[in-house]
Amino acid sequence: MTTSTTPTTDPRPDWFAALEWVNGLAAAVGPDRMADPTPCDGFDVRTLLAHLVTTVRRPLAVARGTDAMAYPLVSEDVLGDPVTAYAAECAAAREAWSGAGGAAALDRTARVPWGEVPGRAALGGFLNETLVHGWDLAVATGQDPETDPELADRVLTVARATIPATPRGGAMPFGPVVPSAPDAGPTERLANWSGHGR
């Protein structure tokens with residue numbers, strides 16, 4: 001899977017916007033919702049939030065030139081308070097990816113779940129994952145599941161170009177495409193393309 005349409009694409013502004021959106025969703029989640037189911041198979045709200053922490057820790061490692069794959073799928077160390085942990089990791093990641101250091105990381109090879117790719121392609125993949133899991137979180141907790149439509153449209157365009165509809169599973173870690181409802185917004189269509197549905 002690749003996640004960049006051109007070698008010069010800088011996904012950082014869109015990723016920062018996605019982090020801000022999901023951070024707002026996470027901040028609105030009360031303790032009484034942590035055990036609620038989500039559209040993401042195998043995750044309740046608490047473990048989805050702990051996975052979202054991993055989806056920030058891994059690109060933070062890319063920015064720092066360390067091994068992104070050192071972090072497990074679910075950051076179990078934050079299960080006690082994943083909301084606070086997510087906010088802290090987002091702030092650290094934004095700082096690490098801003099400025100000259102972040103710009104240099106865009107072209108450094110990184111090892112991520114979909115292979116060894118340039119940093120910009122790694123970040124593009126984490127951008128997709130952030131929006132899709134943000135949609136999962138919003139649906140699970142009764143919040144507005146649509147982010148900025150222009151942002152979602154941009155990511156959806158890249159996803160359709162780089163994540164094939166078939167095959168899915170194995171080396172292509174996505175479930176089958178879910179048919180979108182006629183009134184689905186772009187964030188939901190992105191989630192559907194990534195194998196997530198209500």
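Is Phe-16 buried or exposed? In this predicted model, Phe-16 has a relative accessibility of 11% and therefore counts as buried, since the cut-off for that class lies at under 20%. Trp-15 is likewise assigned to the buried class, because its relative accessible area is 0%. According to the ring criterion, the structure holds three aromatic pairs, one of which joins Trp-15 and Phe-16 in a tilted arrangement, with 6.1 Å between the centres and 40° between the planes. Ring pairs further connect Trp-15, Phe-16 and Trp-97 into a cluster.

Trp-15 and Trp-97 are also among the residues with the most contacts inside the largest nonpolar core, a set of 59 residues in which Leu-49, Tyr-86, Val-112, Leu-131 and Leu-137 are listed alongside them. Two or more residues are contributed to this core by each of helices H1 (12-27), H2, H3 (82-97), H5 (119-141), H6 (149-162) and H7 (186-193), as well as by strand S1 (109-112). In soluble globular proteins, nonpolar side chains tend to be buried together. When neighbours within four places in sequence are set aside, Leu-49 is found in contact with Ala-26, Met-34, Pro-82, Val-83 and Leu-137.

Across the whole structure, nine salt bridges were identified. In one of them, the side chains of Arg-57 and Glu-89 meet at an N to O distance of 3.1 Å; because Arg-57 lies in helix H2 and Glu-89 in helix H3, the pair ties together parts that are 32 residues apart in sequence. Both Arg-57 and Glu-89 are buried, and a network of salt bridges links these two residues with Asp-77. A further salt bridge joins Asp-107 to Arg-120 at 2.7 Å, N to O, with Asp-107 in the loop between helix H4 (99-105) and S1, and Arg-120 in helix H5. Within this pair, Asp-107 counts as exposed at 55% relative accessibility, whereas Arg-120 counts as buried at 9%. Asp-153 and Arg-189 form another salt bridge, at 3.6 Å, which connects helix H6 with helix H7 across 36 residues; Asp-153, at 35% relative accessibility, and Arg-189, at 25%, each count as partly exposed.

Arg-58, which lies in helix H2 (residues 45-64), is buried but has no salt bridge, the nearest side chain of opposite charge being that of Glu-129 at 5.9 Å. Beyond four places in sequence, Arg-58 touches Ala-68, Met-69, Tyr-71, Pro-72, Leu-73, Pro-113 and Phe-126. Two other arginines are placed over the ring of Trp-193, namely Arg-160, whose charged end sits 5.9 Å from the ring centre, and Arg-168, at 5.7 Å.

Terms used
Residues numbered from 1 in each chain as written. Predicted model: local features only at pLDDT ≥ 70, side-chain atom pairs only at ≥ 80, totals over all residues. Heavy atoms only, no water. Helix = DSSP H or I, 4+ residues; strand = E, 2+ residues; numbered from the N terminus. Buried < 20%, exposed > 50% of the residue type's maximum accessible area, 1.4 Å probe, protein only. Lys, Arg positive; Asp, Glu negative; His and termini not counted. Salt bridge = Lys/Arg side-chain N within 4 Å of Asp/Glu carboxyl O. Contact = heavy atoms within 4.5 Å. Core = buried A, V, L, I, M, F, W, Y, C linked by side-chain atoms within 4.5 Å. Phe/Tyr/Trp six-rings, centres within 6.5 Å; stacked < 30°, edge-to-face > 60°. Lys NZ or Arg CZ within 6 Å of the ring centre and 35° of its normal.
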